[in-house]
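Here's a quick briefing to read with the model open in your viewer. Have a look around first, then come back for the pockets and a few individual residues.

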Amino acid sequence: MMETITIQVDPEIAKAYRETKPEKQQKIGMFLNVMLKKAINQKPLLDIMEEASQQAIANGMTPEILQSILNDDN
């Protein structure tokens with residue numbers, strides 16, 4: 001079961017997130033969940049990034065999907 005938390009972000013990030021499609025919001029949420037989980041474990045950043053990358057790939061993340069998330073298009 002997932003829970004909702006509130007975090008502060010720059011206004012342009014909040015605006016872009018609100019304006020994106022729900023499917024993309026879900027992908028962003030999954031990515032942030034992995035990153036936050038790893039950050040809480042207080043591992044070195046490179047270890048966190050490597051593990052997040054491996055988990056994302058294992059869950060079907062491809063370079064194309066990541067690029068579509070990072071692009072400005074909705």
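A quick word on naming: helices are DSSP runs of at least four residues, numbered from the N terminus. With that in hand, H2 is the element that gives the most to the lining of the largest pocket, at 11 residues. Keep in mind that this is a predicted model.

**The overall picture**

- You're looking at 4 helices and 0 strands, and the pattern along the sequence reads α-α-α-α.
- Measure the C-alpha trace along its principal axes in your viewer and you should get about 35 × 30 × 25 Å.
- Of the 74 residues in the protein, 12% are buried.
- About 6,400 Å² of the protein is exposed, and 59% of that area is supplied by carbon and sulfur atoms.
- On the charge side, there are 8 positive and 11 negative side chains. The centres of those two sets sit 4 Å apart.

**The largest pocket**

- Rolling a probe the size of a water molecule over the atoms shows where empty space is left.
- The largest pocket holds about 1,200 Å³ of space. Helix H1 (11-19), helix H2 (22-40) and helix H4 (63-70) are the elements that each give two or more residues to its lining.
- How many residues line the largest pocket, and which lie nearest its centre? The lining has 32 residues, with Ile7, Tyr17, Ile28, Gly29 and Leu32 lying nearest the centre.
- Sorted by class, that lining comes to 17 nonpolar, 8 polar and 7 charged residues.

**The second largest pocket**

- The second largest pocket has a volume of about 240 Å³. H2 and helix H3 (45-58) are the elements that give two or more residues to the lining here.
- Which element supplies the largest share of this lining? That's H2, with 5 residues.
- Residues lining the second largest pocket include Met2, Lys27, Phe31, Gln55, Asn59 and Ile65.
- By class, the lining of the second largest pocket splits into 7 nonpolar, 4 polar and 1 charged.

**Two H2 residues from the second pocket's lining**

- Phe31 sits in helix H2 and is one of the residues lining the second largest pocket.
- Its relative accessibility is 40%, so Phe31 counts as partly exposed; the partly exposed class runs between the 20% and 50% cut-offs.
- Gln55 also lines the second largest pocket. Phe31 and Gln55 are 24 residues apart in sequence, yet their C-alpha atoms are 9.7 Å apart in space.
- Lys27 is another helix H2 residue, and it too appears in the lining of the second largest pocket.
- Lys27 is partly exposed because its relative accessibility is 33%.
- From Lys27 to Pro11 you count 16 residues in sequence and 20 Å in space, C-alpha to C-alpha.

**One residue ahead of the helices**

- Gln8 lies in the segment before H1.
- Is Gln8 buried or exposed? With a relative accessible area of 82%, Gln8 is exposed, since the exposed class starts over 50%.
- Gln8 and Lys37 are 29 residues apart in sequence, and their C-alpha atoms lie 17 Å apart in space.

Conventions: Residues are numbered from 1 along each chain as its sequence is written. This is a predicted model: local features need pLDDT of at least 70, side-chain atom pairs count only at pLDDT 80 or more; totals for chains, interfaces and linings use all residues. Side-chain values use heavy atoms; hydrogens and water are left out. On a 1 Å grid over the protein atoms alone, a cavity is a set of points where a 1.4 Å probe fits but cannot get out, and a pocket is an open set with protein on both sides within 12 Å along at least five of seven lines; lining residues have an atom within 4 Å of a point. Grid points are joined across faces, edges and corners, and a volume is the space filled by probe spheres set on the points. Ala, Val, Leu, Ile, Met, Phe, Trp, Tyr, Cys and Pro count as nonpolar, Asp, Glu, Lys and Arg as charged, and the others, Gly among them, as polar. Buried means under 20% relative accessible area, exposed over 50%, partly exposed in between (1.4 Å probe, protein chains only). Accessible areas come from the Shrake-Rupley method with a 1.4 Å probe; for residues, only the protein chains shown count as cover. Lys and Arg count as positive and Asp and Glu as negative; His and the chain ends are not counted. The place of a charge is taken as NZ of Lys, CZ of Arg, CG of Asp or CD of Glu.
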